[in-house]
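Work through these exercises with the model open beside you. Try each task before reading its solution.

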Amino acid sequence: MHHLGSLSKTLAPGLRIGWLIAPPARRPALVEAKRLADLGTSVLPQLVVAHLMESGALERHLRFLRTRHRQRRDAMITALARHLPDGTVHGAAAGLHLTVTFPEGDDLRAAAAALEAGVRVHPLSWHVSRHVAPPAFRTGLVLGYAAHPPGVIAEGVELLGRAVRGVLGPPRGPAAGPATAGPVNHAGTKGG
């Protein structure tokens, strides 16, 4: 398979429309598997998506989303640098989440403390295998940024920083003032 994707995050999950560009030799088997898996995809949503693509409206919408998500991601990275300076951000180049790892601490307790403060995050340990993940990538939090504007994200990260300070240790960096040396530490440039 060469390319596949869906419109779940760019338009709406309820459309249930995706695409797959496969090598010609694989197409008959894929068509048969699709036929056996369900009764087909509704024609009307497919026609609407085709119109959005042909008119350029889908591309305009994607450009808008990219700009909005970049602003939200950047707001989160800036807030993390200020309020959780010991964290290392992973996954800033793609996706709608960031992973922040810490040198030490209990991510389950940190996520519980964050929730008590009104901020919902996932402990990284829910998403990694302790037998496979390197030690530096075991203690952390998974933070989503797609659902809120930059100001709300900054407030949430400030609350998060206060809530997890005792669980992940006191900050050693300049947490009192604005981040002046750029964003929090970055590790890698791919995926989340």
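**Exercise 1. The β3–β4–β6 pairing**

Which residue in β4 does V89 stand opposite?

Solution. First, the ground rules. This is a predicted model, where local features need pLDDT of at least 70, side-chain atom pairs count only at pLDDT 80 or more, and totals for chains, interfaces and linings use all residues. Residues are numbered from 1 along each chain as its sequence is written, and side-chain values use heavy atoms, with hydrogens and water left out.

Step 1. Find the strands. Helices (H or I, at least four residues) and strands (E, at least two) are DSSP runs, numbered from the N terminus. Strand β3 covers residues 88–90, and β4 covers residues 97–101.

Step 2. Check the pairing. Two strands pair if DSSP finds at least two bridges between them. β3 and β4 are antiparallel, with three bridges.

Step 3. Read off the partner. V89 faces V100 of β4.

Step 4. Look at the turn. Six residues lie between the strands of this hairpin, and G91 has a positive phi near 85°.

Step 5. Move to the next strand. β4 also runs antiparallel to β6 (residues 140–144), through five bridges. There, V100 is bridged to L141, and L98 is bridged to L143.

Step 6. Add β5 (residues 122–123). This strand pairs with β6 in the antiparallel sense over two bridges. H122 sits opposite V142 of β6.

**Exercise 2. Burial in the strands and the core**

How many of the five residues of strand β4 are buried?

Solution. Step 1. Set the cut-offs. Buried means under 20% relative accessible area, exposed over 50%, and partly exposed in between (1.4 Å probe, protein chains only).

Step 2. Count. In β4, four of the five residues are buried, so the strand is largely enclosed by the rest of the structure. β6 is mostly covered, again with four of its five residues buried. For the protein chain, 30% of the 192 residues count as buried.

Step 3. Find the core. A nonpolar core is a set of buried Ala, Val, Leu, Ile, Met, Phe, Trp, Tyr and Cys residues joined through side-chain atoms within 4.5 Å. The largest one holds 25 residues, and those touching the most other members are M76, L80, L98, V121, L141, L143 and L160.

Step 4. Assign it to elements. Two or more residues come from each of α3, β4, α4 (107–116), β6 and α5. The biggest contributor is α5, with six residues.

Step 5. Inspect one member. Contact means heavy atoms within 4.5 Å. Beyond its neighbours within four places in sequence, M76 is in contact with L98, L143, G144, Y145, I153 and V157.

**Exercise 3. Two residues of α5**

Is L168 buried or exposed?

Solution. Step 1. Locate L168. This residue belongs to helix α5 (residues 150–168).

Step 2. Apply the cut-off. L168 has 11% relative accessibility, so it counts as buried.

Step 3. List the contacts. Neighbours within four places in sequence aside, L168 touches F102, E104, G105, D106, A110, T139 and L141. Between L168 and E104, the C-alpha distance is 6.3 Å, at a separation of 64 residues in sequence.

Step 4. Compare V152. V152 is also in helix α5. Its relative accessibility is 40%, so V152 counts as partly exposed. V152 and A75 are 77 residues apart in sequence, with 9.4 Å from C-alpha to C-alpha.

**Exercise 4. How α2 meets α3**

At what angle do helix α2 and helix α3 pack?

Solution. Step 1. Define the geometry. Axes are lines fitted to C-alpha atoms, for helices over the stretch in contact, and angles run from 0 to 180 degrees between N-to-C directions.

Step 2. Take the values. α2 (residues 43–55) and α3 (residues 57–83) pack at about 80°, and their axes are 4 Å apart.

Step 3. Classify. Angles under 35 degrees count as roughly parallel, over 145 as roughly antiparallel, 65 to 115 as roughly perpendicular and the rest as oblique. α2 and α3 are therefore roughly perpendicular to each other.

Step 4. Name the residues. L52, M53 and S55 of α2 meet A57, L58 and R60 of α3.

**Exercise 5. A loop residue**

Where is R16 found?

Solution. Step 1. R16 is in the loop between β1 (3–6) and β2 (18–21).

Step 2. R16 is not a glycine, yet has a positive phi of about 55°.

Step 3. R16 counts as exposed, at 69% relative accessibility.
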